[in-house]
Amino acid sequence: MAKAKSPSGRRTQTVQPAIAGSAVAAEATAPKKRTTIPQFASQVRAEGRKIVWPSRKETWITSVMVLIMVLIAAIFFFFVDTGLAFLSRIVLALGQ
């Protein structure tokens, strides 16, 4: 049997193949517990605490890199468009 890897890279649990959908059927029949509004709010706050925001420096560097890549792409597509326009004019001129 294969073992699943956790996000840390360690093998933690055994993964067993489902036999004719028995695992799916068992999960579908189990009643689901409803989450109350206070529980939901506390879960949202807990997830919000896990967010790691980038620093001002990281945001600036990433923005500059995006700008550079956009400029490179714009220059590339300008030359490709100009070359294809030139070639299409030559091909169309041959037909006259």
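A residue counts as buried when its relative accessible area is under 20%, as exposed when that area is over 50%, and as partly exposed in between. By this rule, 1% of the 96 residues of the protein chain are buried. The structure is a predicted model, and the values below are computed from it.

**Overall layout**

The protein chain contains 3 helices and 2 strands. Their order along the sequence is β-β-α-α-α. The accessible surface of the chain is about 9,500 Å², and carbon and sulfur atoms account for 68% of that surface.

**Confidence**

The predictor's confidence in each residue is given as pLDDT, on a scale from 0 to 100. For the protein chain the mean pLDDT is 83, with 70% of the residues at 70 or more. The elements of the chain are not alike in this respect: the lowest mean pLDDT, 55, belongs to strand β2 (residues 11-15), while the highest, 97, belongs to α3. Where pLDDT is low, predicted coordinates should not be read in detail.

**Helix α3 and the phenylalanines**

Helix α3 covers residues 56-94, and L87 lies in this helix. L87 is also one of the residues of a nonpolar surface patch of about 840 Å². The other members of this patch are F76, F77, V80, L84, F86, I90 and L94.

The count of aromatic pairs in the model is 2. The rings of F76 and F77 make an edge-to-face pair because their planes stand at 70 degrees, with 5.1 Å between the ring centres. F78 and F79 also form an edge-to-face pair, with 5.5 Å from centre to centre and 70 degrees between the planes. F76 and F77 thus appear both in an aromatic pair and in the nonpolar patch.

**The salt bridge**

There is 1 salt bridge in the structure. Side chains of opposite charge can pair when their charged atoms come close. Here the partners are E47 and K50, whose closest N and O atoms are 3.1 Å apart. A salt bridge requires a distance within 4 Å, so this pair qualifies.

**The loop before α2**

T35 sits in the loop between α1 (22-29) and α2 (37-49). Leaving aside residues up to four places away in sequence, T35 touches F40 and Q43.

**Accessibility of single residues**

The table lists relative accessibility for residues named above.

| Residue | Relative accessibility | Class |
|---|---|---|
| E47 | 46% | partly exposed |
| T35 | 47% | partly exposed |
| F77 | 53% | exposed |
| F78 | 53% | exposed |
| F79 | 55% | exposed |
| K50 | 57% | exposed |

The two partners of the salt bridge fall into separate classes: E47 is partly exposed because its value of 46% lies between the two cut-offs, whereas K50 is exposed because 57% is over 50%. In the pair of F78 and F79, F78 is exposed at 53%, and F79 is exposed at 55%. T35, at 47%, counts as partly exposed.

Note on methods:
Residues are numbered from 1 along each chain as its sequence is written. This is a predicted model: local features need pLDDT of at least 70, side-chain atom pairs count only at pLDDT 80 or more; totals for chains, interfaces and linings use all residues. Side-chain values use heavy atoms; hydrogens and water are left out. A salt bridge is a side-chain nitrogen of Lys or Arg within 4 Å of a carboxyl oxygen of Asp or Glu. Buried means under 20% relative accessible area, exposed over 50%, partly exposed in between (1.4 Å probe, protein chains only). Patches are made of residues with over 30% relative accessible area and no salt bridge: like charges are joined within 9 Å, nonpolar side chains (Val, Leu, Ile, Met, Phe, Trp, Tyr) within 5 Å. Accessible areas come from the Shrake-Rupley method with a 1.4 Å probe; for residues, only the protein chains shown count as cover. Helices (H or I, at least four residues) and strands (E, at least two) are DSSP runs, numbered from the N terminus. Rings of Phe, Tyr and Trp (its six-membered ring) pair if their centres lie within 6.5 Å; planes under 30 degrees apart count as stacked, over 60 as edge-to-face and the rest as tilted. Contact means heavy atoms within 4.5 Å.
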